[in-house]
Amino acid sequence: MALASLEDLLAKKFASGAPLRRGQPWERERNSDMGAFSENTYVYDLGSSALPGTGVAEPSATRLCIAEEFFELGHRVWDTCAIMCKYFEAVPEAVAGKVVLEVGAGTGLLGLVVHRVGAERVLLTEYGRCVERMVENVQRNGALAADPSTISCCMLDWNDVELPPEVLALMPDVVLAADITLFPSDVPKIESLFRRLLELKEDMVLFLGCQDHREATAPFMEVARQTFEVEEVPRESWHPDFRTDLHHIYKLRRRQS
């Protein structure tokens, strides 16, 4: 995606049409200096209060180095993803010892973080060309995990009626989705996908991270509240340095009859 079109997309999240403004130091989408974040590697340090940044670095046991194409929609780390990564660092018991599936994993950062904080097994899913970048990042960073065989990737097309065999074999306890409510045309696909996933296991929980100004967030949440049990995760439980009034983390569960 070209720079101009990405800026157009980001500007749409402000209902008032106000220009992009500078947010917290780690925020990219509210920073008017977009060029400052156009490096090819997103550096994320686990267990550190240091803010994520960009630059030249190598992965380690406590550092994830995420290759991205900043101006490609599905090939970059969005702010909602960073918030969810820090949330699971702050509340690792939400995924520790559990089997985790990520939907719309993009660069793979969130799945890599929950793997490092104690998830038993992680499967990251994406579609199209995004799969290549996701696999690259998992191979580069996952090899440094305690057990690299417990994190893997596969393709998941939201248009498919059937779930991939890899997902069916996984039988996840937890599903993650960060900032996938971008386009209103995707709302029925996301609702259908979430419903099929939550039907796999009675006690499954789905963590959805989103922000208010995405075009599809309000339409999807309206549908979700009619279809699922929805609980908002209080911001007091988030990482103290990664809280904004634009973002939300929800827990979705199968509605009990």
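Colleague: Against which elements do the buried residues of H2 pack?

Modeller: In this predicted model, the buried residues of helix H2 pack against strand E1 (41-45), helix H3 (109-116) and the strands E7, E8 and E10. Buried here means under 20% relative accessible area, and the residues of H2 that meet this cut-off include Cys 81, Ile 83, Met 84, Tyr 87 and Phe 88, and also Asp 79, Lys 86 and Glu 89.

Colleague: How many of the residues of H2 are buried?

Modeller: The count is 11 of 12, so the helix is largely enclosed by the rest of the structure.

Colleague: What span should H2 have, and how far apart are its end C-alpha atoms?

Modeller: The expected span is 1.5 Å times one less than the number of residues. For the 12 residues of H2 this gives 16 Å, which agrees with the 17 Å between its end C-alpha atoms.

Colleague: Across which strands does H2 lie?

Modeller: Helix H2, residues 79-90, lies across E7 (174-178), E8 and E10, and runs at about 135° to E8. Strands E8 (residues 205-211) and E10 (residues 247-254) pair with each other in the antiparallel sense over 6 bridges, and one of the residues involved is Leu 206, whose bridge partner in E10 is Leu 252.

Colleague: What is the order of strands in the sheet, and which strands stand at the edges?

Modeller: The sheet is open, with 7 strands in the order E6-E5-E4-E7-E8-E10-E9 and mixed pairing. Strands E6 (151-155) and E9 (228-232) stand at the edges and have a single partner strand each, so one side of each is left without a neighbour in the sheet. On average, and with direction ignored, neighbouring strands are turned by 20° against each other.

Methods:
Residues numbered from 1 in each chain as written. Predicted model: local features only at pLDDT ≥ 70, side-chain atom pairs only at ≥ 80, totals over all residues. Heavy atoms only, no water. Pairing = 2+ DSSP bridges. Helix = DSSP H or I, 4+ residues; strand = E, 2+ residues; numbered from the N terminus. Axes fitted to C-alpha atoms, helices over the stretch in contact; angles between N-to-C directions. Contact = heavy atoms within 4.5 Å. Buried < 20%, exposed > 50% of the residue type's maximum accessible area, 1.4 Å probe, protein only.
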